Amino acid sequence: MVAARFRAMGEPLRLRMLQELEGGERSVSALAESVGSTQPNVSKHLKILQDAGLVKRRQQGTTVYYSIADEMVFEMICSRLHDRLEAQVGALKARMRGGR
């Protein structure tokens, strides 16, 4: 399950879609417009994200809405990136102080 989630997040378009969904539920057409892709392409990627348990879908009439199924996805991505960036910033600052 963990490997499937990481594979699903390995595509830049899917990461952009997850970022858009972080702001709340979106219809497929609204999501396609916001990420600059076609509706069929977004639907294909949403299916992969849904199969990995990262998003959930809700249908209202003929419109399908997607939202984040597991908020831990942002914790998993963002906290690790934040820690790594902080370490890199610290290393750069140390080099700059040492080079003076």
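**View 1. The turn just past helix 2.** In this predicted model, Gly-24 sits just after helix 2 and takes a positive phi of about 130°. Right beside Gly-24 in the numbering comes Glu-25, which lies in the loop between helix 2 and strand 1. Strand 1 covers residues 26-27, and its mean pLDDT of 97 is the highest among the elements of the chain.

**View 2. The two sides of helix 2.** Now step back along the chain to helix 2, residues 12-22. Which of its residues are buried? They are Leu-13, Arg-14, Met-17, Leu-18 and Leu-21. These five span an arc of only 140° around the axis, so they end up on the same side of helix 2. Look to the other side of the helix and you'll find Pro-12 and Gln-19, both exposed.

**View 3. A salt bridge between Glu-25 and Arg-58.** Here's that loop residue again: the side chain of Glu-25 meets the side chain of Arg-58 in a salt bridge, at 2.7 Å from N to O. Arg-58 belongs to strand 2 (residues 55-60) while Glu-25 is in the loop before strand 1, so the pair ties together parts that are 33 residues apart in sequence. Are these two partners buried, partly exposed or exposed? Glu-25 is partly exposed at 38% relative accessibility, and Arg-58 is partly exposed too, with a relative accessible area of 35%.

**View 4. A salt bridge within helix 4.** The count for this model is two salt bridges, and here Lys-47 pairs with Asp-51, their closest N and O atoms 2.9 Å apart. Both residues sit in helix 4 (residues 39-51), and because they are four residues apart there, about one helical turn separates them. Lys-47 is partly exposed, with a relative accessible area of 45%, whereas Asp-51 counts as exposed at 56%.

**View 5. Helix 5 and the rest of the chain.** Helix 5 takes in residues 72-98 and has the lowest mean pLDDT among the elements, 72. Where pLDDT is low, the predicted coordinates shouldn't be read in detail. For the chain overall, the mean pLDDT is 85, with 87% of residues reaching 70 or more. Zoom out and you can trace five helices and three strands, running α-α-β-α-α-β-β-α from the N terminus on. Of the 100 residues, 27% are buried. Among contacts between residues at least 6 apart in sequence, 50% join residues at least 24 apart. The accessible surface comes to about 6,800 Å², and 53% of that belongs to carbon and sulfur atoms.

Conventions: Residues numbered from 1 in each chain as written. Predicted model: local features only at pLDDT ≥ 70, side-chain atom pairs only at ≥ 80, totals over all residues. Heavy atoms only, no water. pLDDT = per-residue confidence, 0-100. Helix = DSSP H or I, 4+ residues; strand = E, 2+ residues; numbered from the N terminus. Buried < 20%, exposed > 50% of the residue type's maximum accessible area, 1.4 Å probe, protein only. Arc of directions from axis to C-beta. Contact = heavy atoms within 4.5 Å. Areas by Shrake-Rupley, 256 points an atom, 1.4 Å probe, with all protein chains shown as cover. Salt bridge = Lys/Arg side-chain N within 4 Å of Asp/Glu carboxyl O.
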